[in-house]
Amino acid sequence: MAGKKKQKNRRTVRLVVGLILIAVAIAAAVGGVFYYRSQKAAEEAAPDASGYEELMKSYYSAIVSGDGKKMAQLMAPPEYWNYYMETYDKSETDVEDALKEGCAATYSGWQNTYGTDVKVSYQIAGMSEQGQDGLNEWNANMEEMLGNNSADMTESVLLEVKVTYSGSTSEGTEIIHPTLGKIGDQWYLISEDTQLDSSSAAQ
């Protein structure tokens, strides 16, 4: 019973991206364009992932530090957030506070499961690239939404990431599948697959 409760708790709070209702418009676009995520697993061979390491490092660092501003920078370009704030009558503070709360909830869930001294490490184990058709559809959706091409994506990859949690209470690992997109010169964490949950915790 305790193990099932812990697994449910992890699924509920572990992903900041899944908590961000402010990104409804992006989620709608991602849902159709990147459906391939649930059908195509990442390549078994570990890729040269140096270009994505910094993004994943910043993502987990933002969760641990509760940095809502940094999380916003990792999720989408400024042009999208400007659109969102104008459309939904939100301020920059509203956006950052919502993301900060999501980070805090996620980190708290890790602490409840693994201990207050929980440490998080990860390894990029595989990668698959999104095809041009998917990029074209994404860009068309975003251009219709924003009225310009400021959020056009030039590259997108699906990563397979092994995440390890360790603390005084327990240890565990899980496989996550984040989708990263390159807009301009920067990579963003567009979404994270919450369906392929293979997490487990040692009692």
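What share of the 203 residues in the chain is buried? The figure is 46%. Keep in mind that this is a predicted model.

Let me start with the overall layout. The chain has eight helices and five strands. Along the sequence, the pattern reads α-α-α-α-α-α-α-β-α-β-β-β-β. Now the contacts. Take those in the chain with a separation of 6 or more. Of these, 74% are between residues 24 or more positions apart.

Next, the core. The largest nonpolar core holds 43 residues. Which of them touch the most other members? Met71, Trp81 and Leu159 do. Helix 4, residues 50-65, gives the most to this core, with seven residues.

Stay with helix 4 for a moment. Ser65 lies in this helix. Is Ser65 buried or exposed? Its relative accessible area is 53%, so Ser65 is exposed, the cut-off being over 50%. Look across to Tyr107. Ser65 and Tyr107 are 42 residues apart along the chain. Their C-alpha atoms are separated by 8.9 Å.

Tyr107 brings us to the aromatic residues. Tyr107 belongs to one aromatic cluster with Tyr59, Tyr60, Trp110, Tyr114, Tyr122 and Tyr165. How many aromatic pairs does a search of the whole structure find? Eleven. Let me show two of them, both with Tyr80. A pair of aromatic rings is described by the distance of the centres and the angle of the planes. Tyr80 and Trp81 sit 5.2 Å apart, centre to centre, with 65° between the planes. That pair is edge-to-face. Both of these residues, Tyr80 and Trp81, are buried. And Trp81, remember, is one of the core residues that touch the most other members.

Now the second pair, Tyr80 with Tyr83. The ring centres are 5.9 Å apart and the planes stand at 45°. Why is this pair called tilted? Because 45° is neither under 30 degrees, which would be stacked, nor over 60, which would be edge-to-face. Both Tyr80 and Tyr83 are in helix 6, residues 78-88. They are three residues apart there, so about one helical turn separates them. As for burial, Tyr80 has 1% relative accessibility. The limit for buried is under 20%, so Tyr80 counts as buried.

After helix 6 comes a loop, and one residue in it deserves a look. Asp89 is found in the loop between helix 6 and helix 7. Its phi is near 55°, a positive value in a residue other than glycine. Asp89 counts as exposed, because its relative accessibility is 70%.

On to helix packing. Two packed helices are described by the angle between their axes and the distance between the axes. Helix 5, residues 68-75, packs on helix 7, residues 92-114. The angle is about 100°, and the axes are 7 Å apart. How should we describe that arrangement? The range 65 to 115 degrees counts as roughly perpendicular, so helix 5 and helix 7 are roughly perpendicular to each other. Which residues meet? From helix 5, we have Gly68, Lys69, Met71, Ala72 and Met75. From helix 7, we have Val95, Glu96, Leu99, Lys100 and Cys103. Met71 has come up before, among the core residues that touch the most other members.

Last part, the strands. Strand 1 covers residues 119-129, and strand 2 covers residues 153-166. They pair in the antiparallel sense over ten bridges. Within that pairing, Lys119 stands opposite Ser166 in strand 2. Strand 2 also pairs with strand 3, residues 171-183. That pairing is antiparallel too, over eleven bridges. Strand 2 and strand 3 form a hairpin, with four residues between them. Two bridge partners help to fix the register. Met153 has Ile183 as its partner in strand 3. Lys162 has Ile175.

Just past strand 3, where is Asp185 found? Asp185 is in the loop between strand 3 and strand 4, the latter at 186-193. With 79% relative accessibility, Asp185 counts as exposed, so it passes the over 50% mark. Its C-alpha atom is separated from that of Thr154 by 9.4 Å. Along the chain, Asp185 and Thr154 are 31 residues apart.

That is the tour. Questions, please.

Technical notes
Residues are numbered from 1 along each chain as its sequence is written. This is a predicted model: local features need pLDDT of at least 70, side-chain atom pairs count only at pLDDT 80 or more; totals for chains, interfaces and linings use all residues. Side-chain values use heavy atoms; hydrogens and water are left out. Two strands pair if DSSP finds at least two bridges between them. Helices (H or I, at least four residues) and strands (E, at least two) are DSSP runs, numbered from the N terminus. A nonpolar core is a set of buried Ala, Val, Leu, Ile, Met, Phe, Trp, Tyr and Cys residues joined through side-chain atoms within 4.5 Å. Buried means under 20% relative accessible area, exposed over 50%, partly exposed in between (1.4 Å probe, protein chains only). Rings of Phe, Tyr and Trp (its six-membered ring) pair if their centres lie within 6.5 Å; planes under 30 degrees apart count as stacked, over 60 as edge-to-face and the rest as tilted. Axes are lines fitted to C-alpha atoms, for helices over the stretch in contact, and angles run from 0 to 180 degrees between N-to-C directions. Angles under 35 degrees count as roughly parallel, over 145 as roughly antiparallel, 65 to 115 as roughly perpendicular and the rest as oblique. Contact means heavy atoms within 4.5 Å.
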